[in-house]
Amino acid sequence: REEASTMAVHYEAFYCLEQSIRKLIIETLAEAEPGDWWKSGRIPPDIVAAAEGLIQKEIDSGITRRSDEPIDYTTFGELSGIITKNWDIFGTIFNSRRAVERVMSSLNLLRGPIAHCCPITEDEVDRLYLTVKDWFRTMA
């Protein structure tokens, strides 16, 4: 329980960051593509197919769908792909494509142990919070 309590703090931080990144993507794409931005061609076809597959899997299993938004069925790595594929609109929000790719890649690696209920070392805790700071530094 003590370990779970310690890890909960890191999960909460990552959860908030990931949700804010999803919100940023949704708002930016909705502004650029009024209407159904998900089907506008701005989302890579492999990401659309993967999300639709997960949605169908939930429907077929009879469980409550986690969301009505297809973007909520994307992985953290796929969110990075959406940003970089649409750099024409995200380039006004961030100051460097390479920095966004590097930070998102680091966050994706750090996300694994947190999302899969594994404890992380003190060094990785430090790295997580430094990388979160790096994320905010990527913004123009």
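Reader: In this predicted model, which residues of α6 are buried, and what covers them?

Author: Burial is judged by how much of a residue's accessible area remains, the cut-off being under 20% relative accessible area. In α6, the residues that meet it are Val125, Leu128, Thr131, Val132, Asp134 and Trp135, and their cover includes α1, α3 and α5.

Reader: How many ångströms should α6 span, and what separates its end C-alpha atoms?

Author: A helix rises by 1.5 Å a residue, so the 16 residues of α6 should span 22 Å, and the distance of 23 Å between its end C-alpha atoms agrees with this.

Reader: Which residues touch the most other members of the largest nonpolar core, and which helix gives the most to it?

Author: That core has 35 residues, among which Ile21, Ile25, Ile83 and Trp135 touch the most other members. At least two residues come from each of α1 (2-32), α2 (45-61), α3 (76-85), α4 (87-90), α5 (97-115) and α6 (122-137), while α1 gives the most, with 7 residues. Leaving aside residues up to four places away in sequence, Ile83 touches Ile21, Ile25, Phe90, Phe94, Val100, Met104 and Trp135.

Reader: At what angle do α1 and α5 pack, and how far apart are their axes?

Author: The angle is about 140 degrees, and the axes of α1 and α5 lie 11 Å apart. Since angles over 145 degrees count as roughly antiparallel, this one makes α1 oblique to α5. The crossing of the two helices is left-handed, and the contact is made by Met7, His10, Tyr11, Phe14, Leu17, Glu18 and Ile21 of α1 together with Met104, Leu107, Arg111 and Ile114 of α5.

Methods:
Residues numbered from 1 in each chain as written. Predicted model: local features only at pLDDT ≥ 70, side-chain atom pairs only at ≥ 80, totals over all residues. Heavy atoms only, no water. Core = buried A, V, L, I, M, F, W, Y, C linked by side-chain atoms within 4.5 Å. Buried < 20%, exposed > 50% of the residue type's maximum accessible area, 1.4 Å probe, protein only. Helix = DSSP H or I, 4+ residues; strand = E, 2+ residues; numbered from the N terminus. Contact = heavy atoms within 4.5 Å. Expected span 1.5 Å × (residues − 1). Axes fitted to C-alpha atoms, helices over the stretch in contact; angles between N-to-C directions. Parallel < 35°, antiparallel > 145°, perpendicular 65-115°, else oblique. Left-handed = near helix turned anticlockwise from the far one by under 90°.
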